[in-house]
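Work through the exercises below with the structure open beside you, and try each task before you read its solution.

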Amino acid sequence: MPSLIDLMLEGQLVQRHSPWPRAVVDASVWNFAASELARGRWSLLGLWGEPSTVHMAIMDEQTSEIAVVSLDCFDRAYPSVSQHHPPALRLERAVHDLFGLVAEGSSDTRSWLDHNRWGVRFPLGDRIDALPQASPYFFLPAEGDGLHQIAVGPVHAGTIEPGHFRFTTSGETVVRLEPRLGYAHKGIERLMMDASLVRAAQLAGRVSGDSTVAYALAFSRAVEAALEVMVPDRAVWLRALLAELERLAHHLGDIGGICNDASFALMHAHCSVLREDVLRASNAAFGHRLMRDIILPGGVTRDLDKDGTEAIQAALDNIRLRFPALIELYDNTASLQDRTVDAGVLKPALAAQYAAGGYTGRASGRSFDARRALAYPPYESLRFDVPILAEGDVNARVWIRIREVEQTLYLIDQILTRLPEGPLSIQAGVYCEPREGMAIVEGFRGDVMVWLRVRDGKIERCHLRDPSWFQWPLVEAAIEGNIVADFPLCNRSFNCAYSGHDL
Amino acid sequence: MRKLLFESLFRRPVTERAPSPDDAAVTELATAVAQAARRRLGRSLSIREVDAGSCNGCELEIHALSNAYYDVERFGIRFVASPRYADVLMVTGPVTKNMREALELTYDAVPNPKWVIAVGDCARDGGCFAGSYAVVGGVSEVVPVDLHIPGCPPTPTAMLKGLLALLERADAGATPT
């Protein structure tokens with residue numbers, strides 16, 4: 001049985017691609033990789049395009065090996081991966097919308113990000129004029145006696161991001177849910193082309209506002225891999241501190257938010273206060289509540305002083321004091337458990353097939369956590385547990401967050417205790433030849449992947465992949481058989497990104 | 001829960017003092033708010049929020065407005081589920097082309113008199129996304145904007161100042177009847 005390394009040897013290895021290998025392969029090797037994904041031996045990490053090339057990132061979860069295979073698309077077409085491995089489907093549709101490359105054999109050729117509103121087709125490839133008239137979007141059919149459809153969005157009742165949901169229901173029970181996304185598409189990957197590193201880092205930090213640290217970190221690490229930059233120790237540790245503060249704030253917000261969607265507002269009120277404490281501490285320490293534009297290629301722009309450290313410690317102490325009572329409240333309120341236990345079940349097999357990241361995967365038996373599996377610094381020298389449950393229901397996703405809050409408190413303690421002294425950043429070199437880099441970091445909702453090519457100090461091509469690409473289809477699966485009224489609750493427990501997905 | 005509820009009977013509220021209205025925002029508003037505002041609205045304001053393609057950073061801070069520290073409802077300001085209940089449309093994001101029509105329809109569904117608040121740097125002119133093939137630009141390209149609250153994202157305090165300014169203007173412009 002060939003390993004990922006053997007697969008690389010089948011193709012032509014690309015020079016200056018770090019830290020994992022990339023090889024240009026032929027269609028037979030491409031198809032072989034797709035069939036191995038389908039067998040479940042490897043996991044799909046991403047699939048993205050260039051004007052006449054498609055790339056696919058693959059991981060062997062047993063060994064944490066990662067590789068990228070690339071296929072030149074003669075006649076603007078390539079063999080579909082999704083015909084073997086469904087998780088690739090929407091990625092292929094996005095590649096088509098942006099580059100015009102056709103996945104031959106795909107079962108679904110509907111557009112995905114392109115709603116025929118841009119005035120142009122294939123904006124990142126060979127642009128052509130838009131269709132004169134938008135063709136209607138056909139949702140997948142569900143047929144049977146007494147079924148009816150409910151259309152929701154893109155503007156929702158709450159303050160949330162835009163997306164359209166088409167429910168097909170039998171009475172109150174959902175028999176099929178199909179979302180249509182792309183409403184938040186801002187053309188970020190096009191804006192990144194020819195952008196300076198600073199400008200591109202600014203854009204990366206705005207792919208998804210709730211993961212601004214994770215994206216800035218993934219982007220910066222990819223640039224640093226490409227340019228072989230050794231980031232100073234203090235910056236590495238400060239970055240981890242930023243990432244853990246971001247995780248802490250959003251987990252607290254989500255725990256309260258899920259309970260609120262189960263009409264239990266008391267938890268929401270208390271969790272919101274703790275979350276606000278974290279944001280204020282972040283502001284005191286780093287000058288921005290969401291810690292935006294702090295991480296740049298080469299290091300960080302802000303140092304942590306004594307006052308900042310004390311603000312963070314005070315917030316942590318308060319959480320330690322108050323959070324246990326909230327856990328107890330969650331655990332011992334039957335009316336709340338009645339809503340969350342057994343609701344929105346995601347089966348472990350499906351979570352594994354889609355290589356679901358974050359609490360979504362870890363609540364359904366998938367142990368992957370980029371901080372542990374890929375052990376990027378400083379996590380290789382930090383002690384923490386990766387909580388895992390197998391139930392896959394809303395309750396399990398809440399408990400994973402609760403346990404991760406505890407682990408993050410522990411991680412921040414270690415970081416503050418061991419934070420090394422030294423410079424905050426280092427200048428990245430400028431090379432005239434193309435250099436490629438890749439990075440995967442653990443954001444609060446899962447693994448954020450960035451792949452890019454730098455030349456002359458500018459970004460030539462950058463692809464950013466949100467964990468939501470592999471989580472949105474799982475929401476559809478998990479909602480089946482639940483009632484419509486439980487959709488907000490189930491959806492919130494996944495908390496998939498719209499902007500991060502739409503880009 | 002029993003204990004938490006009991007404690008909260010005796011604990012002082014965490015809510016902080018209201019900020020003073022922002023001068024710049026007041027000026028921006030001067031022409032926007034009509035005399036009828038006070039009569040029609042009293043001191044209450046219902047807001048329908050629309051994300052027209054933001055990165056969700058602004059939404060996070062808009063959510064924070066409702067937490068116990070800011071408690072926006074004590075000013076008579078509340079977020080409502082439908083544009084048909086709203087006095088104010090609060091819009092974030094650089095307005096993506098894919099969201100343009102939805103924003104227009106939502107605006108049309110808000111009854112008169114109505115105001116539009118554009119929240120965040122993107123909502124002013126597209127921010128760092130300006131010039132993209134997929135982005136319209138600022139909110140004012142699509143619907144008329146009465147007040148802009150800058151920031152990336154604006155802090156909850158900055159949003160409160162803007163909202164209070166809107167109310168103060170509505171008050172000042174009113175004629176006693």
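**Exercise 1. Aromatic rings**

Task: Find which residues form one aromatic cluster with Trp472(A), and then describe the aromatic pair of Trp118(A) and Tyr133(B).

Solution: Keep in mind from the start that this is a predicted model. The aromatic cluster is made up of Phe165(A), Phe167(A), Trp472(A), Phe487(A) and Tyr498(A). Next, turn to the aromatic pairs, of which a search of the whole structure finds 14 over all chains. A pair of aromatic rings is described by the distance of the centres and the angle of the planes. For Trp118(A) and Tyr133(B), the centres are 5.2 Å apart and the planes are at 75 degrees, which is edge-to-face; the cut-off for that label is an angle over 60 degrees. This pair crosses between chains, since Trp118(A) sits in the loop between strands E8 and E9 of chain A, while Tyr133(B) sits in the loop between helix H6 and strand E5 of chain B. Finally, consider accessibility: Trp118(A) counts as buried because its relative accessible area is 4%, and Tyr133(B) is buried too, at 7%.

**Exercise 2. A residue in the loop of chain B**

Task: Decide whether Ala130(B) is buried, partly exposed or exposed, and list its contacts.

Solution: Begin with the location, which is the loop between H6 and E5 of chain B. The relative accessible area of Ala130(B) is 36%, so this residue is partly exposed. Beyond its neighbours within four places in sequence, Ala130(B) is in contact with Leu191(A) and Asp125(B).

**Exercise 3. A buried charge**

Task: Establish what the side chain of Glu246(A) reaches and how far away the nearest side chain of opposite charge is.

Solution: First place Glu246(A) in helix H7 of chain A, which covers residues 233–261. Glu246(A) is buried and has no salt bridge, because the nearest side chain of opposite charge, that of Arg247(A), is 7.2 Å away, whereas a salt bridge needs the charged atoms within 4 Å. The side chain of Glu246(A) does, however, reach the backbone nitrogen of Val213(A) at 2.8 Å. Its contacts outside the four nearest places in sequence include Asp210(A), Ser211(A) and Met291(A).

**Exercise 4. The nonpolar core**

Task: Name the residues that touch the most other members of the largest nonpolar core.

Solution: This core has 176 residues, and those touching the most other members are Phe219(A), Phe286(A) and Ile312(A). Its largest share, 15 residues, comes from H7(A). Looking closer at Phe286(A), one finds that the residues it touches include Leu238(A), Leu245(A), Met291(A) and Ile312(A).

Note on methods
Residues numbered from 1 in each chain as written. Chains lettered and ligands numbered in written order. Predicted model: local features only at pLDDT ≥ 70, side-chain atom pairs only at ≥ 80, totals over all residues. Heavy atoms only, no water. Helix = DSSP H or I, 4+ residues; strand = E, 2+ residues; numbered from the N terminus. Buried < 20%, exposed > 50% of the residue type's maximum accessible area, 1.4 Å probe, protein only. Lys, Arg positive; Asp, Glu negative; His and termini not counted. Polar contact = N/O pair within 3.5 Å; in protein donor to acceptor, adjacent residues only side chain to side chain. Contact = heavy atoms within 4.5 Å. Core = buried A, V, L, I, M, F, W, Y, C linked by side-chain atoms within 4.5 Å. Phe/Tyr/Trp six-rings, centres within 6.5 Å; stacked < 30°, edge-to-face > 60°.
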